Amino acid sequence: MSDNLARYKTVSETYRKGLTDEQRILDWLTNCGDFQQVEKSSKEDDVINDIDAYVWKNGKRFTVSIKSQQRAVSTGNLCFELQVLDRDSLLWEPSWYHKDKALYVVLVGTSIYYLRPSKLHGFINSNGWSKVVTLNSTTKQSQRNMNHKHINAKLGIVSMQTLIDANVLQYKGELQ
């Protein structure tokens, strides 16, 4: 198998797994009892605004952004995309962390957590990130191979346990 085909297959498998995880989370949200209604967002809202779903509670509509954080299973840290490097302009642009107002539904292993951006921002403004990193060379090359609009990212890293202790990250249940 050629290197390009192997890379495509890995990216494609990762993408499919992400879509499967997203659907499992939407099904979980539908059945968890927290919301009266759950609706998948439009493709445009998903791609442009990072909104994966809409949920209704007490007659009000809220936006949801699903964040899969599988690396946190082994590291105990959550990772938030702060800025992205545009491949055309080569300028750093604010990413979803700065723009998002949605409820984050975070998947770690099979555990589901809720996180409100305003609480996260308040915590980070007071305590800072554990560290800020950029993508590793393998991931950057993968982004280029996929002709992705963003070829690098700055990521804020913070301990899950610290966020739980500060009541910023709330455990909600398990995927079956």
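Long-range contacts carry a lot of the story here: among contacts in the protein with a separation of 6 or more, 60% come from residues 24 or more positions apart. Keep in mind that this is a predicted model. The protein has 176 residues, of which 39% count as buried, and its secondary structure comes to seven helices and 10 strands.

**The sheet**

- Six strands make up an open sheet with mixed pairing, and reading across you get β1-β2-β3-β6-β7-β10.
- The edges belong to β1 (37-40) and β10 (169-174); each has a single partner strand, so one side of each has no neighbour in the sheet.
- On average, and ignoring direction, neighbouring strands of this sheet are turned by 30° against each other.

**Around β3**

- On one side, β2 (residues 53-57) and β3 run antiparallel, joined by five bridges.
- V55 is a handy residue to click on for this pairing, with F62 as its bridge partner in β3.
- The β2 and β3 hairpin has two residues between the strands, and N58 takes a positive phi near 50° there.
- With β6 (residues 103-108), strand β3 (residues 60-68) runs parallel, and five bridges join these two.
- Two spots let you check the register: V64 stands opposite L103 in β6, and S68 has L107 of β6 as its bridge partner.

**Nonpolar cores**

- As a bit of background, nonpolar side chains tend to be buried together in soluble globular proteins.
- In this model, the largest nonpolar core has 19 residues, and L78, F80, L115, L120 and L163 are the ones with the most contacts inside it.
- Helices and strands both chip in: β4 (77-86), α4 (96-99), β6, β7 (111-115), α5 (117-127) and α7 (160-165) supply at least two residues each.
- L115 is a good place to start looking around; leaving aside neighbours within four places in sequence, L115 is in contact with F80, L103, Y104, V106, L120, L163, V168 and L169.
- There's also a second, separate core of 15 residues, with L26, I66, L103 and L107 among its members.
- L103 is worth a second look, being a member of that second core, a contact of L115 and the residue opposite V64.
- L107 also turns up twice, in the second core and as the bridge partner of S68.

**Aromatics and a charge over a ring**

- You'll find five aromatic pairs in the structure.
- One of them is Y113 with Y171, an edge-to-face pair at 5.6 Å centre to centre, with 70° between the planes.
- Y113 sits in strand β7 and Y171 in strand β10, so this pair ties together parts 58 residues apart in sequence.
- The two rings' residues get separate burial labels: Y113 counts as buried because its relative accessibility is 10%, under the 20% cut-off.
- Y171, with a relative accessible area of 46%, is partly exposed.
- W28, F35 and Y114 come together in one aromatic cluster.
- Over at W92, the charged end of K154 sits over the ring, 4.6 Å from its centre.

How values were computed:
Residues numbered from 1 in each chain as written. Predicted model: local features only at pLDDT ≥ 70, side-chain atom pairs only at ≥ 80, totals over all residues. Heavy atoms only, no water. Pairing = 2+ DSSP bridges. Helix = DSSP H or I, 4+ residues; strand = E, 2+ residues; numbered from the N terminus. Axes fitted to C-alpha atoms, helices over the stretch in contact; angles between N-to-C directions. Core = buried A, V, L, I, M, F, W, Y, C linked by side-chain atoms within 4.5 Å. Buried < 20%, exposed > 50% of the residue type's maximum accessible area, 1.4 Å probe, protein only. Contact = heavy atoms within 4.5 Å. Phe/Tyr/Trp six-rings, centres within 6.5 Å; stacked < 30°, edge-to-face > 60°. Lys NZ or Arg CZ within 6 Å of the ring centre and 35° of its normal.
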